[in-house]
Amino acid sequence: MQFKTIKHVLTSLLKRKKNNCLEMSLRKFMHPRNIYKKIPDFKKLVLLYPEFRDIAIVNLTGKIKIDFKREGTLRVLTEVLLKHDFNLQVKIPPNKLVPTLPLRLNYILWIEDLMKHASFNEMKEVIGIDIGTGAVCIYPLLFAKMYGNQMIATEVDKTSIQTAIEHVKNNNLEDIIKVYKVDERTILKEIIKEDNVYHFTMCNPPFFEIEGSSEKIIKQLPPRNAPTGNEVELTVQGGERAFIIQMIEESMEIKEKAKIYTTMFGRRSNLLFLLKFLKKKGIENSTWTEFCQGHTKRWGLAWSFLPKDVINLTNAPVIRKSGDYIAKLLKEQRPMEIQFPMRHKFASFDDLVNFLEEAMEELHIQIKELNLPIGNFNGWSCQLIADNDTWSHARRKRRLAQRLMNQSVNHDTGQTSVINDITENDTEKLIKNNSGDIVRKNEPLLICNFFAEVIEHEEPENDEVKISMIFEKGIGGKVALETFRQYLINKLDVREYFQKQHERPNKRKRKRLETSKIEINSEQVENLHKNDTESV
Ligand SMILES: C[S@@+](CC[C@H](N)C(=O)[O-])C[C@H]1O[C@@H](n2cnc3c(N)ncnc32)[C@H](O)[C@@H]1O
């Protein structure tokens, strides 16, 4: 029993230490001008503000702490900091979202960087729009205090509009901040309809999808803080992703009326999705950043319809973009890989690319430009589209083709067409025989993202080629990708490197395989297992 208690205490101490480390490590990635990079001076706040005294806890060593899990603590702290650091008088209604200041400042300072990058006048001269300003009207108040520029604020919730207007009035900022009630069916179109030109739009969208009770929503909130905010201001049909999609689509209708559109979002998975979405819509002038603070990470996205020689967002300053973004992207999507020494077959990377292009042509696989935001991937990347399985039983087909070739030595005419005919008919038959499915012509068998790169070593002769393939879609499923990988291994003639690996079974790899079993049936698993233990 005693042992259990000690173990429990140690575990929770370790956990707390880990969390503190995480907090510390994210704090250092805050915007360099964010005043909350340094923890506020709680001693000073205790002396100056009686309301802060009520939430402060003095521990045995005399250190002042605050317990964020206690209801109302974050609200009081935010009000006190707004007063102390920005001379803003704010009373946050108890049932409304409390705007955490380190994150709000990260977003504001990034916008300031974008404005400077775009060489827009002085900050005082820029006009911005805050979509969904909330009950505090936090972004316009901070912009007004920090730069004295004009801000337009929109909101759909009646009670929030009321308190937002009160906050503007109580701080005598009516001249530069205007709050508007807007129709909830639009995001940008209604407010940007006059002839005015705005320098930027910003938004902290409702993050959660409407899907049930507010209890469910509260469970999704960061566990270390007492929950703040209510269902109306935090939820929207389709969640933040749907909201931002609508915002991007509306921006495409009003284009240059706002010079730079920006939004914040809270889900990592939306980063890739939104970057792909912008690309799909032909919006190439864009950038993104991470917002790191305390123990939370959020993301910012910016795009513009102005030509890149007027504003180039692709080289705009960012607070932080994790360097391992592409590696993570590849890892998260569980690529199927082939890795082998470059010298085994190729004199240069170009040789490899030529070889791959020819192999795809032989297999009637289309090579398309990759719709992925991987500007700095240092290798060959593309999307492969295979309508049919042209690689299974390829050896048999190759032998058949060779036989025909030999036969044709005697009667030269019609050689190529005979081979092609047989190969194609054979393929069609194989697909039907193997899967039993009737393959519709317009549904590709396999679409995958394909990456080939050189892994450099100190000695150039040790350089390796790494091929990563990520399944996107297709009726052949992941099994089709795996058979294609096996085909490439044979074609590249690199199976020997996989067999070596087979002699030293890799525990980690086996574990990964076990998790992937869920997605495919047992027969396929057997095949995959056989193949993967052969892989590097
Ligand atoms: C997550 S809150 C953000 C509040 C505040 N901007 C902040 O950062 O603390 C999202 C706000 O957007 C508002 N909202 C939802 N749909 C909207 C729309 N179509 N136009 C304007 N505001 C909207 C909600 O009422 C809510 O106040």
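In this predicted model, a nitrogen atom of the ligand sits 3.1 Å from a polar backbone atom of T186. The backbone serves as partner at T133 as well, where a polar atom lies 3.4 Å from a nitrogen atom of the ligand. At N204, by contrast, the side chain takes part: one of its polar atoms is 2.8 Å from an oxygen atom of the ligand. Taken on its own, the ligand has 590 Å² of accessible area, and the protein covers 96% of this.

It is helpful to look next at the surroundings of these contacts. The shell around the ligand comprises 21 residues, and T186 and N204 are among the closest, together with R104, G132 and E155. By residue class, the shell contains 10 nonpolar, six polar and five charged members. Two of the elements that contribute to the shell are helix α6, spanning residues 138-147, and strand β4, spanning residues 150-155; each of them provides at least two shell residues.

Stepping back to the chain as a whole, the model has 536 residues, of which 46% count as buried. Its secondary structure consists of 19 helices and 16 strands. Among contacts in the chain with a separation of 6 or more, 71% are between residues 24 or more positions apart. The exposed area of the chain is about 29400 Å², and carbon and sulfur atoms supply 51% of that area. For readers setting up calculations on the ligand site, the picture can be put briefly: polar contacts to the ligand come from the backbone at T133 and T186, and from the side chain at N204.

Key. Residues numbered from 1 in each chain as written. Predicted model: local features only at pLDDT ≥ 70, side-chain atom pairs only at ≥ 80, totals over all residues. Heavy atoms only, no water. Helix = DSSP H or I, 4+ residues; strand = E, 2+ residues; numbered from the N terminus. Buried < 20%, exposed > 50% of the residue type's maximum accessible area, 1.4 Å probe, protein only. Contact = heavy atoms within 4.5 Å. Areas by Shrake-Rupley, 256 points an atom, 1.4 Å probe, with all protein chains shown as cover. Near = heavy atom within 4 Å. Polar contact = N/O pair within 3.5 Å; in protein donor to acceptor, adjacent residues only side chain to side chain. Nonpolar A, V, L, I, M, F, W, Y, C, P; charged D, E, K, R; others polar.
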